Amino acid sequence: MATSGRQPVAFAIRGPIRRADLSGLCDRVCALLAESGEIVCCDVGGIEPDAVTVDALARLQLAAKRRGCTVVLECASPELLEIVQLMGLDRVLPSAEFRERPAV
């Protein structure tokens, strides 16, 4: 469980991401989550906006939630955000861009 004494963690994911990469990617990020605070910033500016990428990000968010953390996407392309929203995962995969918008 995340505690207030832990430091915020930021990391970047670069692509392309293939299905075969998912397990290793999740293992590496989970190691970072052990050191993180409640919010983990993930720079996704360097990944391809496709279904495999969204799958990977959803898996990372699940792993983060299990550790008391939340992954927030940063530098997401409009195309990636559109796919996330189309797949109905915009509440599961919050982005810094969406968080900063006022509620309507």
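Contact here means heavy atoms within 4.5 Å of one another. With that cut-off in hand, Thr 70 makes a handy starting point in this predicted model. Thr 70 sits in strand 3, which covers residues 70-74. Setting aside neighbours within four places in sequence, the residues in contact with Thr 70 are Glu 38, Ile 39, Val 40, Gln 61, Ala 64, Lys 65 and Pro 94. Lys 65 turns up again when side chains are considered: a polar contact of 3.2 Å joins the side chain of Lys 65 to that of Thr 70.

Next up is the way two of the helices pack. Helix 2 (residues 51-66) and helix 3 (residues 78-86) have axes that come within 10 Å and cross at roughly 70°. Angles of 65 to 115 degrees count as roughly perpendicular, so that is the label for helix 2 and helix 3. On the helix 2 side, the contact is made by Thr 53, Val 54 and Leu 57, while helix 3 brings in Leu 80, Ile 83 and Val 84. Sorted by class, this contact of helix 2 with helix 3 comes out as five nonpolar residues and one polar, with no charged residues.

Charged side chains get their turn elsewhere. Side chains of opposite charge can pair when their charged atoms come close. Searching the whole structure turns up four salt bridges. One of them also involves helix 2: Arg 19 pairs with Asp 55, with the closest N and O atoms 2.6 Å apart. This pair ties together distant parts of the chain, 36 residues apart, since Arg 19 belongs to the loop between strand 1 (7-14) and helix 1 (22-33), whereas Asp 55 belongs to helix 2.

Asp 55 has a second partner. Arg 59 forms a salt bridge with Asp 55 as well, and here the closest N and O atoms are 3.1 Å apart. Both Arg 59 and Asp 55 lie in helix 2, four residues apart, or about one turn of the helix. Put together, Arg 19, Asp 55 and Arg 59 are linked in a network of salt bridges. As for accessibility, Arg 59 has a relative accessible area of 43%, which makes Arg 59 partly exposed.

Another salt bridge brings the side chains of Arg 18 and Asp 21 together, at 3.5 Å from N to O. Arg 18 counts as exposed because its relative accessibility is 53%, and the cut-off for exposed is over 50%. Its partner Asp 21 has a relative accessibility of 25% and therefore counts as partly exposed.

Notes. Residues are numbered from 1 along each chain as its sequence is written. This is a predicted model: local features need pLDDT of at least 70, side-chain atom pairs count only at pLDDT 80 or more; totals for chains, interfaces and linings use all residues. Side-chain values use heavy atoms; hydrogens and water are left out. Axes are lines fitted to C-alpha atoms, for helices over the stretch in contact, and angles run from 0 to 180 degrees between N-to-C directions. Angles under 35 degrees count as roughly parallel, over 145 as roughly antiparallel, 65 to 115 as roughly perpendicular and the rest as oblique. Ala, Val, Leu, Ile, Met, Phe, Trp, Tyr, Cys and Pro count as nonpolar, Asp, Glu, Lys and Arg as charged, and the others, Gly among them, as polar. A polar contact is a pair of N or O atoms within 3.5 Å; within protein, one must be able to donate a hydrogen and the other to accept it, and residues adjacent in sequence count only if both atoms are side-chain atoms. Buried means under 20% relative accessible area, exposed over 50%, partly exposed in between (1.4 Å probe, protein chains only).
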